[in-house]
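Reader: Before we begin, I would ask for guidance on reading nonpolar cores and aromatic pairs in a model.

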Amino acid sequence: MRATIDLLKAHNEIKIITQEVDVNLEIPTIAYLEVKKEDSKALLFTNPVDKALGIHYQYPVLMNLFGSFSRIKLFFGDIEAIATQIADFIKTKPPTNLQEGFKTLHNLMNLRFCSPKIQTTKGLCQEVIHYSDTLDLESLPILKTWSEDGGKFITMGQCYTQSLDGKIKNLGMYRLQVFDKKHLGLHWQIHKDSMRLLEEYQQANQKMPVSIGIGGNPLYTWCATAPLPKGIFELALYGFIKKQKPKLVPCVSNPLSVPYDCDFVLEGWVDPHKLKDEGRFGDHTGFYTPIEPYPILELSAITHKKNPVYLATIVGKPPLEDKYLGYPTERIFLPLLQTTTPDLIDYYMPENGVFHNLILAKIKANFPASAEQSMHAFWGVGQMSFVKHAIFVGEDAPNLNSKEIIPYILNRFCVQKCLITHGICDALDHASPQYAQGGKLGIDCVDYQNPYDKSPKNQTQLEILNQEQLMPKLKEIFNHLVIVRQFYTQTQNPITLLGVNKQDSLTQTLNQEALKKLEKHLRILVILDAHKNDLDNLYMILWRVVNNIDAKRDIVFVGKIIVIDATDKNAKDEYFREWPKETDCQREILDELEARNLLGNLNHQELEALYQKFHIDKSYATNLANLDKLK
């Protein structure tokens, strides 16, 4: 980690903050704003404190380590080359000549780096060892991120586990709540590999060893997020990328092994029969997740370097570090995804789609319903099975992350090519009426030219009304309509946003007969709460829509019109779970940090613009409350 900091300094990729800054809200808020800037830097806080507890920490805090594409390149090198190497390995076949033989041998030789080397001597991570009475999580500068969080939690812990027989090694990343000096809550969600391993220990009535690594080579942290198939140790990716075996050392108090150069290692045991309420916490979706019971890690040792650095990140509304961490994942795992979705050419996960909530995919359509086949392949495999909304386009489509992709999609959208189904959802998804399961939407925007279909392809020419003309017509259908906005009116399927003061279930009370009369004017209708949505901020609108809808409940087709209800849900919508609050920064914290010149080189007006653009605090909603201004 110290070498990484030196590398960042050499490339002007880091800011050093020497002022005293509180681990409670202040450090997270600074990092939250920094990652949203165009010239985002890594942040090293050399003087972290806990004002409430009167603690001056001796360890610096490193934030926003992965928060730019330039830093990702520093850590990974040529990502496209790595993806090509993986694709070559997957396609390896018996050679037919000497040249192919050498290439095959080279590909196979790279596998020798994937298995870890376990040292018999102590590692750098074990220069200082604490047992028993000297264990104290409060000595680490662990952050409290959001004002309504249930406490402090570790955000970038590498969680090492193994099967009961020790044959399967696993590395994941989960939030870890600090309960007291020697206990952590493990946010192991129902679909995670760690939960399957825990069940083995539960059936055998044995405690489960768990070790948490923090810091070390940045690739360890990324490997913890990698969606590898069950049974493959994630650190194999480190070896494949770096072309050197990951060096591990045995833990001092349990049978696991961890990278020799982690900055901190928290070792312990989990009683598989004991759970404790964890949360609530703001999460990477931009919403708080509820209080729920999870396993407890009881520490048996804390080891660290003599001069460790505490690595942390920030979760909340996009864009965040996962925008950049997700890029190598997206590129490197494309060849693996193509093995189960053979027509897949490329895919893209927009950061404001919060990854699992929206994915765009480009495919080669070889026959009718090729897109539908790929949808089912996505929803049936690994991490892709959590995707809620998938849009498929043809090989003639522009780059999936370009501005041109939206008109391309809108010129090919039609309600007849929408598929709604039911399946598993991420445990963090709040919109579905049931926990971890709900509706999914697939949209086929592929131009497949069927040579046997001779029917004419006539597109209906819409009569576009301006917003003043449209408002009274829609108000007859939506009584509490406040504002209307139209976008992409030059396409075959314009998007119309409606801001409403919601009173009842919008989909259940929708007058479909009246709406169908507007079919010559409308195609895509999205309904939002007027008091919390800036209808001109399409980046945050997309974030809110894909977070807030369950396809089976919130989408209605009326003739050629699709109606999407992206309002907050309640019992009138037959939604009986707790609708979560959003992660909002505290205005007093923002103002104090600005007064102390801790928010970078932006002036007051530029900061206010940033707050509005990314819904940083509640001021965006306060401005929306002025409905006369909205009109």
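Author: The dialogue below takes up cores first and ring pairs afterwards. This is a predicted model, in which local features need pLDDT of at least 70 and side-chain atom pairs count only at pLDDT 80 or more, while totals for chains, interfaces and linings use all residues. Residues are numbered from 1 along each chain as its sequence is written, and side-chain values use heavy atoms, with hydrogens and water left out.

Reader: How many residues has the largest nonpolar core?

Author: In soluble globular proteins, nonpolar side chains tend to be buried together. A nonpolar core is a set of buried (under 20% relative accessible area, 1.4 Å probe, protein chains only) Ala, Val, Leu, Ile, Met, Phe, Trp, Tyr and Cys residues joined through side-chain atoms within 4.5 Å. Here the largest has 132 residues, with Met-63, Leu-266 and Tyr-347 making the most contacts inside it. Helix α8 (residues 235-242; helices are DSSP runs of H or I, at least four residues) supplies the largest share of this core, six residues. Apart from it lies another core of 36 residues, including Phe-413 and Val-482.

Reader: Which geometry do the rings of Phe-69 and Tyr-324 adopt?

Author: Rings of Phe, Tyr and Trp (its six-membered ring) pair if their centres lie within 6.5 Å; planes under 30 degrees apart count as stacked, over 60 as edge-to-face and the rest as tilted. The centres of Phe-69 and Tyr-324 are 4.8 Å apart and the planes stand at 75°, so this pair is edge-to-face. It links helix α3 to helix α9, across 255 residues.

Reader: Is Tyr-324 buried or exposed?

Author: Tyr-324 is buried, at 8% relative accessible area.

Note on methods: Buried means under 20% relative accessible area, exposed over 50%, partly exposed in between (1.4 Å probe, protein chains only). Helices (H or I, at least four residues) and strands (E, at least two) are DSSP runs, numbered from the N terminus.
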